[in-house]
Amino acid sequence: MKLSANTILITGGTSGIGLELAKQLHQRQNTILVTGRDPNKLRAIHEHIPRVQTYQSDVSDPAAIAALYERVTNEFPDLNMLINNAGVMRTLRLNGRIGLQDIGREIEVDLLRPVRMIEQFLPFLKTKPHATIINTSSLLAFVPLASSPIYSAAKAGLHSYTQSLRIQLHDTNVTVIELAPPATTTPLLENLGSDSLNSKNPIVMNVEKMVRVALEQLEHDTAEIRPGMSNIMKLMSRFAPTFMLKQVNKSITSDLAKANLGEE
Ligand SMILES: NC(=O)c1ccc[n+]([C@@H]2O[C@H](COP(=O)([O-])OP(=O)(O)OC[C@H]3O[C@@H](n4cnc5c(N)ncnc54)[C@H](OP(=O)(O)O)[C@@H]3O)[C@@H](O)[C@H]2O)c1
């Protein structure tokens with residue numbers, strides 16, 4: 001895939017993986033458009049990428065997606081790449097006290113958001129000579145982390161949806177890619193408050209390196225990009241699923257439980 005001269009919309013492009021994707025794709029001579037909710041983060045991104053176009057938009061809101069579509073396609077009719085990257089991750093104890101409204105937040109942002117974005121943007125992308133959709137899932141799409149149960153379920157759902165979308169769009173000009181990052185040094189990981197998931201842990205990938213590896217694989221037309229531990233985890237979980245489930249959850253879950261869930 002040609003990774004220059006594209007016009008690329010990155011949701012959640014103001015922080016972590018999205019910001020790094022924006023920086024590295026900008027260096028490769030692409031036009032970069034990013035979304036986010038926080039106006040301060042949207043303003044700050046100009047320090048890294050002076051010519052970036054920013055859109056304040058909460059992509060968990062269907063009306064905001066329709067409004068975003070109108071603005072972006074009017075202002076950038078050459079748009080040919082959509083990266084569904086915005087995401088949220090919480091540690092949650094499933095004790096029936098979270099409440100009906102809030103229990104599904106990750107399903108809304110991490111699964112329904114990309115589904116809705118694609119529903120909105122696909123007819124437009126189909127009019128381009130060549131277009132690409134990239135969905136950012138996670139290593140946890142392959143093996144759940146019990147302390148983040150709704151997040152893991154949302155990412156597993158996104159993985160499944162992306163496979164179906166790829167098959168449905170097989171005969172079209174739209175290429176469908178999944179990026180399944182491993183644990184990566186970003187604010188999302190920091191905010192989990194884990195002692196073990198930090199930059200000193202060899203299973204945690206530096207964000208700059210993770211994105212560099214991902215873009216190399218994208219250039220080689222890899223449909224499912226699994227940098228670092230994600231690749232090992234997917235393969236191992238096929239051969240030894242029960243063992244891998246225990247391994248992933250052994251130390252990290254108890255560590256996160258202490259940090260964020262509180263003892264009961
Ligand atoms: N870091 C990891 O270890 C890791 C591993 C696997 C997968 N991932 C996935 O990678 C993606 C990026 O994560 P990250 O680690 O880079 O997280 P991050 O640093 O927290 O960045 C998340 C981005 O998403 C935006 N965002 C969140 N909710 C949004 C909403 N409703 N509408 C629009 N924008 C929203 C945030 O901006 P605002 O707050 O301003 O809205 C921010 O730009 C996520 O899908 C995450 O699940 C991360």
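In the predicted model, T132 lies in strand β5 (residues 131–136), helices (H or I, at least four residues) and strands (E, at least two) being DSSP runs numbered from the N terminus. With a relative accessibility of 2%, T132 counts as buried; the classes are buried, under 20% relative accessible area, exposed, over 50%, and partly exposed in between (1.4 Å probe, protein chains only). Beyond its neighbours within four places in sequence, T132 is in contact (heavy atoms within 4.5 Å) with M1, N80, M81, L82, T175 and I177. Residues are numbered from 1 along each chain as its sequence is written. Because the model is predicted, local features need pLDDT of at least 70 and side-chain atom pairs count only at pLDDT 80 or more, while totals for chains, interfaces and linings use all residues; side-chain values use heavy atoms, with hydrogens and water left out.

The ligand is surrounded by 31 residues, of which T14, S15, R37, Y151 and T186 come nearest; a residue is near a molecule if one of its heavy atoms lies within 4 Å of it. Polar contacts are pairs of N or O atoms within 3.5 Å; within protein, one atom must be able to donate a hydrogen and the other to accept it, and residues adjacent in sequence count only if both atoms are side-chain atoms. Polar side-chain atoms of T14 and K41 lie 2.7 Å and 2.9 Å, respectively, from an oxygen atom of the ligand. An N or O atom in the side chain of D58 is 2.9 Å from a nitrogen atom of the ligand. The protein buries 95% of the 890 Å² that the ligand exposes when taken alone, by the Shrake-Rupley method with a 1.4 Å probe. Two or more shell residues come from each of α1 (16–27), α5 (149–168) and α6 (187–191), and the largest share, three residues, comes from α6.

D58 itself is located in the loop between β3 (53–56) and α3 (62–75). At 33% relative accessibility, D58 counts as partly exposed. Residues up to four places away in sequence aside, D58 touches R37 and A64.

The largest nonpolar core, a set of buried Ala, Val, Leu, Ile, Met, Phe, Trp, Tyr and Cys residues joined through side-chain atoms within 4.5 Å, has 29 residues; I10, L21, L25, I32, V34 and L218 have the most contacts inside it. Helix α7 gives the most to this core, with seven residues. A further core of 23 residues lies apart from it, with Y55, L79, F121 and I133 among its members.
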